[in-house]
Amino acid sequence: NNGLRPISTRGVANIEPAVIDTFGLYVDRTRRRLMAMSYDVDLQDYRPRSLFRLHRRLGKPGLSQMDVARNPDTRVFIVRDDGQLVVLLMNSEEDVQAYGRIKTTGTVESVAVLPAEPGEEEDEVYVVVKRTVNGSEVRSVELLGSFELEDDEPQYAGYADAAVLYDGASATTIPGGSHLINEEVVVWADGARQANRTVDGSGNITLDEAASVVLFGKAAPPARYKSGKLDYAAQGGTAQGQMKRVVSVAIAFSNAIRGVIRYGATFTTMNTL
């Protein structure tokens with residue numbers, strides 16, 4: 001004996017919802033808010049709440065699609081109308097909600113998640129990306145790289161878009177770039193950053209020295225971090241609004257690749273660490 005009854009008057013967009021254990025996710029009719037529907041013991045009824053209430057700008061370009069990955073952690077991937085992916089990392093047991101964005105050299109149009117195979121630790125997240133390659137507009141289905149890498153496998157570390165991974169006999173001519181012909185690509189060989197190369201007409205790149213594990217692809221947008229304003233107790237009160245001069249920077253890293261970290265006062269004037 002099924003029946004329907006109203007839970008909310010906020011409205012819902014024509015976007016497929018998702019279910020995570022005991023609650024559901026949907027996009028409201030403005031296509032700007034991600035909503036969670038869960039049972040409220042106090043109300044003895046289902047209650048909707050916005051997951052963007054503290055981050056209203058995240059959905060401002062408009063939301064068009066979403067899917068959920070459960071391994072290695074629960075992540076909600078949401079496609080925005082501007083071609084970026086909003087990623088919501090969730091842990092209901094610890095009451096954790098953390099947001100991030102994935103930007104690419106192109107626009108993301110769709111996302112789909114395939115569950116991990118037995119014995120694997122991560123779900124497979126696929127995206128459809130539209131790019132301009134060699135003067136033409138193309139679309140490709142791409143698999144997001146692993147979120148976690150083994151400590152003893154630094155050769156598989158790399159950062160590129162529309163990337164190809166070659167893992168085989170040591171060689172200087174690396175195939176697999178037929179989708180990036182005549183494009184300049186960044187190259188990671190055996191875990192170290194190499195000089196950029198241009199993909200030839202056969203889809204190959206040529207290295208100066210032979211390598212057995214090579215990843216190459218379009219240069220991805222940089223991952224940027226800007227700290228908050230420095231503040232400390234001063235004789236004249238708070239130092240937040242005063243002029244300050246930073247004379248040194250100390251950063252702690254774990255399992256980092258040399259030569260890929262840059263720092264500076266602005267994103268346009270930076271030094272390599």
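Two strands count as paired if DSSP finds at least two bridges between them. The model on screen is predicted, and the tour starts with a pair of strands that meets this rule.

**Stop 1: strands E10 and E11**

Select residues 124–133, which make up strand E10, and then add strand E11; the two run antiparallel and are joined over 8 bridges. To see one place where these strands face each other, pick Val133, whose opposite number in E11 is Ser136.

Now widen the selection to the whole sheet. It is open, holds 3 strands in the order E9-E10-E11, and its pairing is antiparallel. Colour strand E9 (107–114) and strand E11 (136–143): these are the edges, and each has a single partner strand, so one side of each has no neighbour in the sheet. On average, neighbouring strands here are turned by 20° against each other, direction ignored.

**Stop 2: charged side chains around E11**

Show the side chains of Glu137 and Arg139, which form a salt bridge with an N to O distance of 3.9 Å. Glu137 is exposed, because its relative accessibility of 56% is over the 50% cut-off. Add Glu109 to the view: Glu109, Glu137 and Arg139 are linked in a network of salt bridges.

**Stop 3: the four-stranded sheet**

Move on to the open sheet of 4 strands, ordered E1-E2-E3-E4 and antiparallel in its pairing. Its edges are strand E1 (18–20) and strand E4 (45–50), each of which pairs on one side only. From one strand to the next, the twist averages 30°.

Select residues 34–40 for strand E3, which pairs with E4 in the antiparallel sense over 6 bridges. Which residue in E4 is the bridge partner of Ala36? Label Arg49 in E4 to see that partner.

**Stop 4: two further salt bridges**

The whole structure contains 11 salt bridges. One of them joins Asp82 and Arg80, with the closest N and O atoms 2.7 Å apart. Arg80 is buried, at a relative accessible area of 5%, while Asp82 is partly exposed at 31%.

Finish with Arg197 and Asp208, whose side chains meet in a salt bridge at 3.1 Å, N to O. This pair links distant parts of the chain, 11 residues apart: Arg197 lies in strand E14 (residues 192–198) and Asp208 in strand E15 (residues 205–218). Is Arg197 buried or exposed? Arg197 counts as buried, because its relative accessibility of 14% is under the 20% cut-off. Asp208 is exposed, with a relative accessible area of 71%.

Methods. Residues numbered from 1 in each chain as written. Predicted model: local features only at pLDDT ≥ 70, side-chain atom pairs only at ≥ 80, totals over all residues. Heavy atoms only, no water. Axes fitted to C-alpha atoms, helices over the stretch in contact; angles between N-to-C directions. Salt bridge = Lys/Arg side-chain N within 4 Å of Asp/Glu carboxyl O. Buried < 20%, exposed > 50% of the residue type's maximum accessible area, 1.4 Å probe, protein only.
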